Amino acid sequence: MKIFFLLVAFELCWAQYNPNTKSGRTSIVHLFEWRWADIALECERYLAPNGYGGVQISPPNENIVITNPWRPWWERYQPISYKLCSRSGSENEFIDMVTRCNNVGVHIYVDAVVNHMCGSGGGEGTHSTCGSYFNAGTRDFPAVPYSAWDFNDGKCKTYSGEIENYNDAYQVRDCRLVSLLDLALEKDYVRSTVANFMNRLIDIGVAGFRIDASKHMWPGDMKAFLDKLKNLNTSWFPEGTKPFIFQEVIDLGGEAISASEYFGNGRVTEFKYGAKLGTVIRRWNGEKMAYLKNWGEGWGFMSSDRALVFVDNHDNQRGHGAGGASILTFWDPRLYKMAIGFMLAHPYGFTRIMSSFRWSRNFVDGKDVNDWMGPPSNSDGSTKSVTINPDTTCGNGWVCEHRWRQIRNMAIFRNVVDGQAFTNWWDNNSNQVAFGRGNKGFIVFNNDDWNLSETLQTGLPAGTYCDIISGEKEGNSCTGIRIEVQGDGKAYFQISNTAEDPFVAIHVNAKL
């Protein structure tokens, strides 16, 4: 009997680490600031056919409307209420998106902003996406409702009421983060209100949550509202399925709060991943790709089954958050594609791909003063639709990295090799490396300043394979490079150091 209870407890605990993606789909994509109508279309026309498992969406609840600067991206992180209306669309459009995406096996993960409400200088009035009244000065949010009793103003011990010292865990969790009004999550009313908001989303059919600013909440307070969450909607998920939880905890080491404190609640964002991988791919500080042989826990990262990993996210691609200048983004496409290729080929962690929009960068003293810019928008502040070009890339200012051939094909590669061991590592003691995933896939990188010319053990069955980076398999032929694997599993690889994409990847589903 005791063993049974232990197993049940383990199952319940483990459930929140499971992304709930459809079998055979192993990555999600963050469609940052996309409209709900466009996400619904993208699920049907592109994400489902190409094996993507889900979408992280921008916060769906009512937020403050900021016009100075003009509609910045970060206004989405300043809630006014939990009504489902934002510049991404109405509640009906949200429900339609979740339904349509679930119906094609692509699940929705909500960016939940529950640590705080809008900034203390947000004023009062109805300048919010649903037109709800609020008064930041008196802590009055009647559309929730929250009042002054529901905030941590009296609990914070700093003179300013702001976080002044990140080495003080009490300040980080009880004081205001960049002036945002900090909710008193120790109160059951606040916990229940947050849980009700999340349960409404679960009823609609979402699969899980990225919990914004988790580092700024006590893990026990988070557990208290997470324990109130329902199981997922049985229209799309097996009975008893728990929502997937991944918590934003920026932990590069050296602060009072560590990511491991949050493992009891679900997965955690591994910010060291993109920062370190960017440093290696850029070859900064004497780093070499050869050092990636023990990538993952061997680099001091959290356990793979606790990690949500990414090369860049919406914050650090703008220089915010964590990672600094080493973070690779779409602005460095050649290196970025290599980093994404490595991430999707390597077994460590659960992977999220970034899908961005362009903004007008303007560097002053090394800082991009336009990092606040919101999504491509019309003159009235509404978000532009995502248009698709004849070559399947995106227009209207949307970058759509998830549609780049190399990234899409590597997302498929990850699905094909899922569950296979990390095998057949090779390196040249510098920046040429290769590795396999069991007998299902093999990848080779040349990040050196000279050509690669090597015969390597792939572990794959004999045959002719299509490289999925330079092209892909179409019918009975390859649109890019062909790789011949011999009877002993070996194949010859040649990669120029000047190639547009200096890496080659093959897998058993791309075999002629």
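Which residues lie nearest the centre of the largest cavity? In this predicted model, they are Asn152, Arg173, Leu183, Leu185 and Asp221, which belong to a lining of 14 residues. The space inside the largest cavity comes to about 60 Å³, and the structure holds one cavity of 30 Å³ or more. Sorted by character, the lining of this cavity divides into six charged, five nonpolar and three polar residues.

Asp221 offers a good way into the surroundings of the cavity, as Asp221 is also among the buried residues of helix H6. This helix spans residues 219–226, and six of its eight residues are buried, so H6 is largely enclosed by the rest of the structure. Alongside Asp221, the buried residues are Pro219, Met222, Ala224, Phe225 and Leu226. What do the buried residues of H6 pack against? Their partners are two helices, H4 (169–174) and H5 (188–204), together with two strands, E8 (208–211) and E9 (244–247).

Phe209 provides a second point of entry. Together with Ile39 and Phe94, Phe209 is listed as having the most contacts inside the largest nonpolar core, a set of 134 residues. This core takes at least three residues from domain 1 (16–269 + 357–398) and at least three from domain 2 (422–510). Apart from this core lies another, made up of 15 residues, including Tyr465, Val485, Ala491 and Phe493. With neighbours within four places in sequence left aside, the contacts of Phe209 include Val110 and Ala112, then Met198, Leu201 and Ile202. Further along the chain, Phe209 also touches Leu229 and the run Pro243, Phe244, Ile245 and Phe246.

On a broader scale, the domain assignment of the chain gives domain 1, written in two segments as 16–269 + 357–398, and domain 2, covering 422–510. Taken over C-alpha atoms, the centres of domain 1 and domain 2 are 39 Å apart.

The open spaces of the model complete the picture. The largest pocket has a volume of about 590 Å³. Its lining consists of 20 residues, and those nearest the pocket centre are Leu177, Val178, Leu180, Glu248 and Asp315. How many residues of this pocket lining are nonpolar, polar and charged? The lining divides into nine nonpolar, six polar and five charged residues.

Methods. Residues are numbered from 1 along each chain as its sequence is written. This is a predicted model: local features need pLDDT of at least 70, side-chain atom pairs count only at pLDDT 80 or more; totals for chains, interfaces and linings use all residues. Side-chain values use heavy atoms; hydrogens and water are left out. On a 1 Å grid over the protein atoms alone, a cavity is a set of points where a 1.4 Å probe fits but cannot get out, and a pocket is an open set with protein on both sides within 12 Å along at least five of seven lines; lining residues have an atom within 4 Å of a point. Grid points are joined across faces, edges and corners, and a volume is the space filled by probe spheres set on the points. Ala, Val, Leu, Ile, Met, Phe, Trp, Tyr, Cys and Pro count as nonpolar, Asp, Glu, Lys and Arg as charged, and the others, Gly among them, as polar. A nonpolar core is a set of buried Ala, Val, Leu, Ile, Met, Phe, Trp, Tyr and Cys residues joined through side-chain atoms within 4.5 Å. Buried means under 20% relative accessible area, exposed over 50%, partly exposed in between (1.4 Å probe, protein chains only). Domain bounds come from an automatic or database domain assignment. Contact means heavy atoms within 4.5 Å. Helices (H or I, at least four residues) and strands (E, at least two) are DSSP runs, numbered from the N terminus.
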